[in-house]
Amino acid sequence: MKKRLIATLMLFAMIAALVAACAQDDSAANGGAGANGGDAVPAVDDHLIVVARGLAVNMHPHEALDMNSAYLLNLVFDPLFRLNYATMEIEYALAESSEMSEDATSLNITLRPGVTFHNGDPVNAEVVRDSLYHTMNSPLVGFLISMVDNIEVNDELNLTINLAAPFAPIRRHLTHSGTAIIHPDTTNDNPIGTGAFIQESIVLDDRVELVANENWWGENAGINRITWRAMPEGTARLIEIETGGAHIAWDVNPSDLPRIEAHDNLNVHRSSSIETHFMAFQCEKAPFNDIRVRHAIAYALDIPLLSYTAYEGTGSPADSFLTPVVVYHHSIAPRAQNLDRARELMAEAGFADGFSTTLEFNSENQIYAQLAVMIASMLREINIDAEILQFEWGAYLDRVLAGEHELMLLSWNTITGDADYGLFDTHHSSGFPFGGNQSFYSNPATDALLEEGRSTLDSARRAEIYRLVQEQAFEAANILNIHHDERLHAAVASVRGFGVNPTGIIDLWNVFFG
């Protein structure tokens with residue numbers, strides 16, 4: 001007990017030193033409040049300034065699959081359907097009405113009349129068809145509607161999406177930013193959507209300027225301009241709103257909650273989440289292609305300790321790849337830490353003396369820096385030497401998609417609220433090399449269940465299927481689920497209409513000052 005206590009205290013000291021160093025570096029890099037181009041909050045209450053971890057990887061919705069992109073794409077582009085983020089139910093966006101065929105193999109959609117793109121061109125069924133075909137052909141987001149066989153244009157505002165097989169959550173998939181409707185001339189540098197805001201300018205790695213779309217089909221936005229600034233370190237974002245450099249700090253550190261709650265002019269905005277943080281193995285690489293090694297590592301880690309320590313009591317230790325707010329979530333308690341069993345499995349796999357590996361994460365996420373240190377310390381108990389590597393987000397995403405990692409930290413947002421999106425691309429063999437299956441794991445039995453789950457309309461059968469998939473994933477241990485997130489944002493007291501929700505996608509056109 002004494003030995004474990006000393007080891008734990010030493011571990012916490014290492015974490016504190018690492019986080020302090022990172023905070024110092026990031027504070028210097030960002031220059032503090034108002035520095036490095038940080039503007040003071042405008043005197044006129046029509047300009048919202050947001051500081052977030054980063055900017056979009058790509059402002060073309062069919063070429064991005066990360067949350068930093070999704071936040072901004074939601075403001076510039078509209079999909080056919082949206083989720084009501086309070087109820088997680090489906091609502092209409094560019095679609096005005098829809099009807100599913102009795103056999104669930106086609107979806108007829110009638111579009112809103114009078115909708116125009118930012119450049120004034122009209123939205124019609126032909127443009128929507130071509131946009132959806134563009135999504136289907138995307139190597140990154142094509143999986144979202146890979147079940148579509150063809151799309152028929154019936155008249156100016158009506159089209160029919162024909163499916164290759166029944167697909168129960170088709171409308172939910174059409175809420176995803178990866179299916180947003182684009183103008184044919186859309187590029188990363190020139191995003192032309194129909195959304196509530198228009199991209200005015202972008203300064204790489206620094207900021208995006210958005211202005212309100214006066215011709216938007218929805219209600220007029222409560223603000224005229226949004227400046228979205230990149231500021232990777234969480235405490236630096238908090239300082240920015242404390243000192244008047246911004247109105248909203250997107251994703252604050254759990255450690256900063258007492259400071260925010262004690263501030264007279266700041267509000268904390270919290271919500272349960274659809275986001276799970278995990279460590280994935282690259283299962284095509286030895287020794288992680290051996291299930292005994294993966295199980296050994298699973299037994300070496302203390303998941304509740306990792307979750308509670310790194311996230312400081314917010315959220316909860318992960319009990320599945322799906323969070324409890326996702327439809328068909330099935331709870332499975334993580335393996336209890338058992339170092340003796342872990343060492344036995346390592347010996348059975350021929351690694352009694354251990355091995356060296358790498359553990360990677362994106363440098364913008366300082367909680368991952370804490371997790372990496374803790375995980376590496378736990379792995380040393382079974383003679384695994386994990387070198388910690390960190391990369392800028394874009395470079396990291398490229399490495400992960402290419403399978404260049406060995407052990408990696410990442411998260412997944414089940415953005416549609418349905419188990420199919422949470423599990424199909426991340427656990428089906430078709431999800432690599434350019435999809436969400438970052439573990440590069442393949443199991444024909446899991447593939448078959450996932451294919452059945454998306455084609456049946458029987459809710460009870462879907463629940464059974466996704467229970468089995470989650471149990472198979474737990475046994476495979478290709479991904480070790482660590483933490484179910486909690487959304488944590490802070491805003492100045494004058495910001496109204498800022499509603500945090502499980503998806504993290506926030507409709508900033510509802511925000512106003514008051």
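Start by selecting glutamate 126, which at 45% relative accessibility counts as partly exposed, a class that lies between buried (under 20% relative accessible area) and exposed (over 50%), computed with a 1.4 Å probe on protein chains only. The model is a predicted one, in which local features need pLDDT of at least 70 and side-chain atom pairs count only at pLDDT 80 or more, while totals for chains, interfaces and linings use all residues. Residues are numbered from 1 along each chain as its sequence is written, and side-chain values use heavy atoms, with hydrogens and water left out.

Add arginine 129 to the selection: its side chain meets that of glutamate 126 in a salt bridge, at 4.0 Å from N to O, where the term stands for a side-chain nitrogen of Lys or Arg within 4 Å of a carboxyl oxygen of Asp or Glu. Both residues lie in helix H3 (residues 125-136), three residues apart, or about one turn of the helix; helices (H or I, at least four residues) and strands (E, at least two) are DSSP runs numbered from the N terminus. Arginine 129 is also partly exposed, with a relative accessible area of 21%. Over the whole structure, the search finds 24 salt bridges.

Next, select arginine 225 and glutamate 200, whose closest N and O atoms are 2.8 Å apart in another salt bridge. This pair links distant parts of the chain, since arginine 225 sits in strand S10 (residues 225-230) and glutamate 200 in strand S8 (residues 197-203), 25 residues apart. Arginine 225 is partly exposed at 24% relative accessibility, and glutamate 200 is partly exposed at 46%.

Now bring in arginine 207 and aspartate 206, whose side chains form a salt bridge at 3.1 Å from N to O. Are these two residues buried or exposed? Arginine 207 and aspartate 206 are both buried. Salt bridges with shared partners join Glu200, Asp206, Arg207, Glu209 and Arg225 into one network.

From here the tour turns to empty space. The structure holds three cavities of 30 Å³ or more, a cavity being a set of points, on a 1 Å grid over the protein atoms alone, where a 1.4 Å probe fits but cannot get out, and lining residues being those with an atom within 4 Å of a point. Which residues should be selected to find the centre of the largest cavity? Its volume is about 270 Å³, and of the 19 residues that line this cavity, the closest to its centre are Arg335, Phe474, Ile479, Leu480 and Asn481. Helix H12 (419-427), helix H14 (459-476) and strand S17 (479-492) each supply at least two residues of that lining.

For the second largest cavity, which holds about 50 Å³ of space, select the lining residues Arg53, Pro232, Gly234, Arg237, Asn253, Glu364, Asn365, Gln366 and Ile367. Helix H5 (234-242) and helix H10 (366-380) are the elements that give two or more residues to this lining.

Finally, move to the second largest pocket, with about 540 Å³ of space; a pocket is an open set of grid points with protein on both sides within 12 Å along at least five of seven lines. Of the 25 residues that line this pocket, Gly54, Leu55, Asp205, Glu364 and Glu392 are the closest to its centre. Helix H1 (2-30) and helix H11 (393-402) each supply at least two residues of the pocket lining. Volumes throughout are the space filled by probe spheres set on the points, with grid points joined across faces, edges and corners.
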